[in-house]
Amino acid sequence: MKKRSVSLLLALVLSAASLPAMAGKQDPMVVPAYERVESTNGIPPSAARIKAAIIHAGKARGWAVADSEPGRVTLRYAPRTHEVVVAVRYDANGFKIEYVSSREMNYEIKRGAPEIHGNYNRWIRNLVNDIQNSPVFHQPDGAEATQAATP
């Protein structure tokens, strides 16, 4: 019985000691490249369509538009206690997602390279894929504004 109690106590101490290491887990931050948007269904991309696709994809994933100006949409994602803010710069040919700020995401520069909570990379990858595959690119001219307004 005594050996079992010591083993149990040791296991608890080791698991408690590993919690801070797990809580602070960071991955190298993936900085997305400029993403070109190709013509789909014969409809050429435009800055208005790409902006509408960014807003539509963001809303579908729970991102809120924090700010918008020509050539840039700022999105905020805040699940639970985490928060991420990104700027999506766009033109008539494509878009690029840039990190702006975060909270509770363990962001820091280590050895000259940014590191962040692993979920960030997944969230950004999903946002890029959703923008590229947005139904906005399959709508006739003028429909992109309507599509962006509905999640």
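**Note on the salt bridges**

1. In this predicted model, R103 and E83 form a salt bridge, with 3.9 Å between the closest N and O atoms. The pair links distant parts of the chain, the two residues being 20 residues apart. R103 lies in strand β6 (residues 94-103), while E83 belongs to strand β5 (residues 83-90). The contact counts because a salt bridge here needs a side-chain nitrogen of Lys or Arg within 4 Å of a carboxyl oxygen of Asp or Glu.

2. The partners in this pair fall into separate accessibility classes. R103 has a relative accessible area of 41%, so R103 is partly exposed. E83 has a relative accessible area of 15% and is therefore buried, because the buried class covers values under 20%.

3. A further salt bridge joins the side chains of R89 and E98, at 2.8 Å from N to O. R89 is partly exposed, with a relative accessible area of 37%. E98 is also partly exposed, at 26% relative accessibility.

4. The side chains of K110 and E115 meet in a salt bridge as well, the N to O distance being 3.7 Å. This pair does not stand alone: E108, K110, R111 and E115 are joined into one network by salt bridges that share partners.

5. On accessibility within the K110 and E115 pair, K110 counts as partly exposed at 28%. E115, at 13% relative accessibility, counts as buried.

6. As for the total, the count comes to 8 salt bridges. Those described above include R103 with E83, R89 with E98 and K110 with E115.

Note on methods. Residues are numbered from 1 along each chain as its sequence is written. This is a predicted model: local features need pLDDT of at least 70, side-chain atom pairs count only at pLDDT 80 or more; totals for chains, interfaces and linings use all residues. Side-chain values use heavy atoms; hydrogens and water are left out. Helices (H or I, at least four residues) and strands (E, at least two) are DSSP runs, numbered from the N terminus. Buried means under 20% relative accessible area, exposed over 50%, partly exposed in between (1.4 Å probe, protein chains only).
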